[in-house]
Amino acid sequence: MKQQDSLLLLLMKGEIKMSYVHVVTGGGSGIGKAVATMLPKEDTVIITGRSLGKLNKVAEELNENGHHIVTTTCDVSKRDDVRKLAQYAASLGTIKKVIHCAGVSGTMANVETIVRINALGTVYVNQEFYKVMNDGVICDIASNSGYILPNILLPSKKTYALALDDEEGFIKKMAKRAKIMHKEDVDVQFAYMMSKNFVRWYSSQCAFKYLTNKKIRVFSVSPGFVKTPMTEKEEGEGTENLLTYTALHRGAEAEEIAFLITSLADERCGYFIGADVLVDGGCVNNSYSMMTAAKKYDNKSLIEKW
Ligand SMILES: NC(=O)c1ccc[n+]([C@@H]2O[C@H](COP(=O)([O-])OP(=O)(O)OC[C@H]3O[C@@H](n4cnc5c(N)ncnc54)[C@H](OP(=O)(O)O)[C@@H]3O)[C@@H](O)[C@H]2O)c1
């Protein structure tokens with residue numbers, strides 16, 4: 001019997017398992033790290049981000065526990081980096097799951113960088129992995145912040161569509177909209193909210209085409225406040241106020257979000273396509289809105305207007 005035939009026989013008998021490749025952007029910390037921990041140990045999991053040291057530390061920790069984690073750097077705001085990442089992943093085997101967690105918050109970067117990383121980064125990840133995958137899952141991480149801006153303040157879908165063929169025009173329009181409140185520090189928060197609203201929109205736009213053409217299931221997940229390095233410095237009145245809107249009066253653990261993500265990415269959730277899951281402890285549905293966020297920034301004019 002040929003070696004190929006005997007391998008096939010063992011596979012059919014379930015005596016050996018086919019191992020796959022999964023990619024977690026932002027896998028060096030927080031939600032991404034928790035996702036990498038929950039993906040099948042027998043598969044190869046590539047974790048990426050900008051700081052190799054951080055990634056290697058996570059890989060070392062998980063590989064000691066039997067995982068097969070490999071690391072490589074990738075700045076998702078650079079299309080070339082993402083293209084190389086996708087090609088590298090494809091060279092290691094069949095890519096099944098791409099969990100796109102990389103992102104920055106409104107306290108970590110300026111408006112342009114937030115838009116480049118969170119919004120354009122998602123376009124690059126989805127588009128470049130679409131080219132190299134033949135089925136599987138792409139899960140984009142948005143945020144409940146993407147739900148709290150009233151429609152009247154959100155950019156038009158025409159502006160969002162610019163991300164696909166006029167990146168500089170898209171950034172300019174998003175930056176202009178972020179300045180709508182004319183208040184320092186509010187523009188970056190606005191940029192974050194808009195970038196995450198964009199992620200949810202873009203993810204849903206990809207879903208039909210990706211599934212129809214390549215059987216790739218695309219969806220998004222929108223967490224509320226999660227205890228990760230991103231939110232470490234976000235203590236104080238604003239955060240306390242936000243947490244009172246959650247039914248449990250606390251932020252989520254990264255593992256609670258990662259379990260949801262990996263469950264939705266499981267092939268048994270095959271009918272879940274193109275939608276977003278809001279996982280914020282009930283915050284938005286308990287009336288957490290732009291007005292409550294505005295209180296955090298003491299923006300009286302917005303509160304009055306609202
Ligand atoms: N924590 C929350 O409350 C919360 C709520 C809603 C949504 N989210 C979203 O959840 C995702 C994960 O965040 P987290 O809370 O787990 O925060 P985190 O621990 O800070 O993780 C974000 C990761 O993204 C990586 N990253 C940042 N910019 C990148 C870039 N340009 N290219 C590649 N990697 C980049 C960071 O690593 P490097 O700096 O080394 O690149 C970091 O490991 C983000 O998209 C975030 O917006 C978080």
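**Helix crossings, a ligand shell and some loops**

Trainee: How do the axes of α5 and α8 cross?
Mentor: The axes of helix α5 (residues 111–132) and helix α8 (residues 167–178) come within 10 Å of one another and cross at roughly 125 degrees, where axes are lines fitted to C-alpha atoms over the stretch in contact and angles run from 0 to 180 degrees between N-to-C directions. Helices here are DSSP runs of H or I with at least four residues, and strands are E runs of at least two, numbered from the N terminus. That angle makes α5 oblique to α8, a label for angles outside under 35 (roughly parallel), over 145 (roughly antiparallel) and 65 to 115 degrees (roughly perpendicular).

Trainee: What kind of model is this?
Mentor: This is a predicted model, in which local features need pLDDT of at least 70 and side-chain atom pairs count only at pLDDT 80 or more, while totals for chains, interfaces and linings use all residues. Residues are numbered from 1 along each chain as its sequence is written.

Trainee: Back to the helices, which residues make the contact between α5 and α8?
Mentor: From α5 there are V111, E112, V115, R116 and L120, and from α8 there are E167, I171, M174, A175 and A178, with contact meaning C-beta atoms, placed from the backbone, within 7 Å. By class, the contact of α5 with α8 has seven nonpolar, no polar and three charged residues, where Ala, Val, Leu, Ile, Met, Phe, Trp, Tyr, Cys and Pro count as nonpolar, Asp, Glu, Lys and Arg as charged, and the others, Gly among them, as polar.

Trainee: And α2 with α11, at what angle do those axes cross?
Mentor: The axes of α2 and helix α11 (residues 254–265) come within 8 Å and cross at roughly 55 degrees, which makes α2 oblique to α11. On the α2 side G30, I31, A34, V35 and M38 take part, meeting A254, E255, I257, A258, F259, I261 and T262 of α11. Sorted by class, this contact of α2 with α11 has nine nonpolar, two polar and one charged residues.

Trainee: Switching to the ligand, how many residues surround it?
Mentor: There are 30 residues around the ligand, and the closest are G26, G30, R50, G103 and M230; a residue is counted if its C-beta atom, placed from the backbone, lies within 6 Å. Helix α2 (residues 30–38) supplies the largest share of that shell, three residues, and the shell as a whole divides into 13 nonpolar, 14 polar and three charged.

Trainee: Is V76 buried or exposed?
Mentor: V76 is buried, because 27 other C-beta atoms lie within 10 Å; 20 or more count as buried, 12 or fewer as exposed, and numbers in between as partly exposed. V76 sits in the loop between β3 (68–73) and α4 (79–92). Leaving aside neighbours within four places in sequence, V76 is in contact with T25, V82, A102, I117, G121, Y124 and V125. V76 and A102 are 26 residues apart in sequence, yet 7.4 Å apart in space, C-alpha to C-alpha.

Trainee: What about K215, what is its phi?
Mentor: K215 has a positive phi of about 60 degrees although it is not a glycine, and K215 lies in the loop between α9 (186–214) and β6 (216–223). K215 counts as exposed because it has 12 C-beta neighbours inside 10 Å.

Trainee: And where is H249 found?
Mentor: H249 is in the loop between α10 (237–244) and β8 (252–253). H249 has a positive phi of about 55 degrees, although it is not a glycine.

How values were computed
Contact = placed C-beta atoms within 7 Å.
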